[in-house]
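Please open the model in a viewer and keep the selection panel at hand. The tour moves from the whole chain to individual strands.

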Amino acid sequence: MFFVDTIELEGLGNRSYLAGGERTAVAVDPPRDIDTVLSAAARRGVRVTHVVETHLHNDYVTGGLELARITGAAYLVPAAARVSFARVPVADGDTVDVDAGLTLAAMATPGHTPHHTSYVLRDGGHPVAAFTGGSLLIGTVGRPDLVEPRLTEQLARAQHASAHRLASGLPDGTAVLPTHGFGSFCSSVQADGDSTTIGKEKAANTALTADVETFVADLLAGLDDVPAYYAHVGPSNAAGPAPVDLTPPAVADPAQIAARLAAGEWVVDLRNRVSFAEGHVAGSFNFEADGQLATYLAWLIPWGKPVTLLAESADQLAAAQRELVRVGIDRPASAATGGPGDWLRGGEQPASFPRSTFAGLAEQDPEAGAVVVLDVRRHSERSEGWIEGSTHIPIHELHRRVGEVPPGTVWVHCAGGMRAGIAASLLDAAGREVVAVDDGFDPAADAGLTVVDS
């Protein structure tokens, strides 16, 4: 008997896996906080004997090197990946024994990166699962543009070939277990569904249903912006990440919070956007702990800028720290828990701004004062329709482009509300009058606003 346990990294939209038999197991693409893997192994009563990477990741810092060190496991990394640490180089066709009757075979599947490698789990010689990393995903493939612009088209073609190699070399019932595709920006588009097999992908994945020229053209046309922090994570993984420290950060009192803001450091409020809008420390930014905290904070913050976290509770703070170490934000400069009353100096009043909907925006009288509609969605989202007359600055560009927002009261929206909340906090900190449109985009037209389709 064999098992495969999934370790969800919901904030980053990724999955890691632990697979094994009665006594031993292999960890696939482990997260940096390796205690999640060690706990899964303990629950199964198995020892981790192998740790494997499908590729050098750009969207999260791996825990593979540290996990191998702690457990004494062999650390398997694709041979063509250029790294600065000792590892077991893996080439196409290499096979390792995981447990009695259970083997793992490497299959070269370049495309997401030139060295990308998938791993086929065989039970009694029969393929039962394929760990496909950033190659074959659910209904799509990993994006090919994260390595070098000059290689993008070549890697897109390689993705098509790799998908076909997997599909032709494995039985239809083989489970496809990708690392990316559940919200990660390493996916060319987001996965539609939670599980899949080779047979299902043959019927639905465009890499397997379209000819190579059509597939490549559509894939390249659909690529969107790359999160800025990817430029730091990739080199960190190649160098060999340091162990993490998840102990509580230094406690910041109200005077220290004010001093850090005055020094130009980032103070990040982790509460939900409704609570933040109702009252917050002036100058702080709102990145919800329950949203895509790691992705958007790492994307927007100037790399290396000290950050102080403000949380409702110690549990919320600890969860945020765990999310942030996964993308290389290792230690908050300081932190505080509670609410605005605990974070403001005596006599200071909390800042606030209103929230509304697209219906509320439609009710505004254009002659009553300047109303600016700011769209902070990505370019691909806006291309599918936008509010007539709106200004477009994607959320990840807003911090450095606040000065480009036209004068007036800024009604800021995204596609659902989370990014509008981030943007509203940035604008509020910059001294702008702002209204956060906390609404899905679909009701905009029904509210009476003119939505331009092309």
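The stops below begin with the overall fold and then turn to selected strands.

**The whole chain.** Display the complete chain of this predicted model as a cartoon. The secondary structure amounts to 17 helices and 22 strands. The radius of gyration is 24 Å, close to the 22 Å that the globule rule gives for 454 residues, so the chain is as compact as a globular protein of that length. Along the principal axes, the C-alpha trace spans about 75 × 50 × 35 Å. Of the 454 residues, 55% are buried. Among contacts between residues at least 6 apart in sequence, 68% join residues at least 24 apart.

**Surface and charge.** Switch to a surface representation. The accessible surface comes to about 18000 Å², and carbon and sulfur atoms account for 50% of that area. Colouring by charge shows 32 positive and 56 negative side chains, with the centres of the two sets 7 Å apart.

**Residues 3-9 and 14-20.** Select these two segments, strands β1 and β2, which run antiparallel and are joined by seven bridges. Within the pair, F3 stands opposite G20 of β2. Which residues of β1 lie on its covered face? They are F3, D5, I7 and L9, whereas V4, T6 and E8 form the uncovered face. Next, centre on G13: the hairpin has four residues between its strands, and G13 takes a positive phi near 75°.

**Residues 307-311.** Move to strand β14, where five of the five residues are buried. V307, L309 and A311 point one way from the strand, while T308 and L310 point the other way. Add residues 266-269, strand β12, which runs parallel to β14 and is joined to it by four bridges. Then add residues 334-337, strand β15, which also pairs with β14 in the parallel sense over four bridges. L310 is a useful residue to label here: D269 stands opposite L310, and L310 stands opposite A336 in β15.

**The five-stranded open sheet.** Finally, select the strands in the order β16-β21-β20-β17-β19, whose pairing is parallel. Why is one side of β16 (355-356) and of β19 (391-392) left without a neighbour in the sheet? Both stand at the edges with a single partner strand each, so one side of each has no neighbour there. Inside this sheet, isolate β17 (residues 371-375) and β20 (residues 409-413), which pair over five bridges. Label V371 and T409 to end the tour, since V371 stands opposite T409 in β20.

Definitions and conventions:
Residues numbered from 1 in each chain as written. Predicted model: local features only at pLDDT ≥ 70, side-chain atom pairs only at ≥ 80, totals over all residues. Heavy atoms only, no water. Buried < 20%, exposed > 50% of the residue type's maximum accessible area, 1.4 Å probe, protein only. Pairing = 2+ DSSP bridges. Rg over C-alpha atoms; globule rule 2.2 N^0.38 Å. Contact = heavy atoms within 4.5 Å. Areas by Shrake-Rupley, 256 points an atom, 1.4 Å probe, with all protein chains shown as cover. Lys, Arg positive; Asp, Glu negative; His and termini not counted. Charge placed at Lys NZ, Arg CZ, Asp CG, Glu CD.
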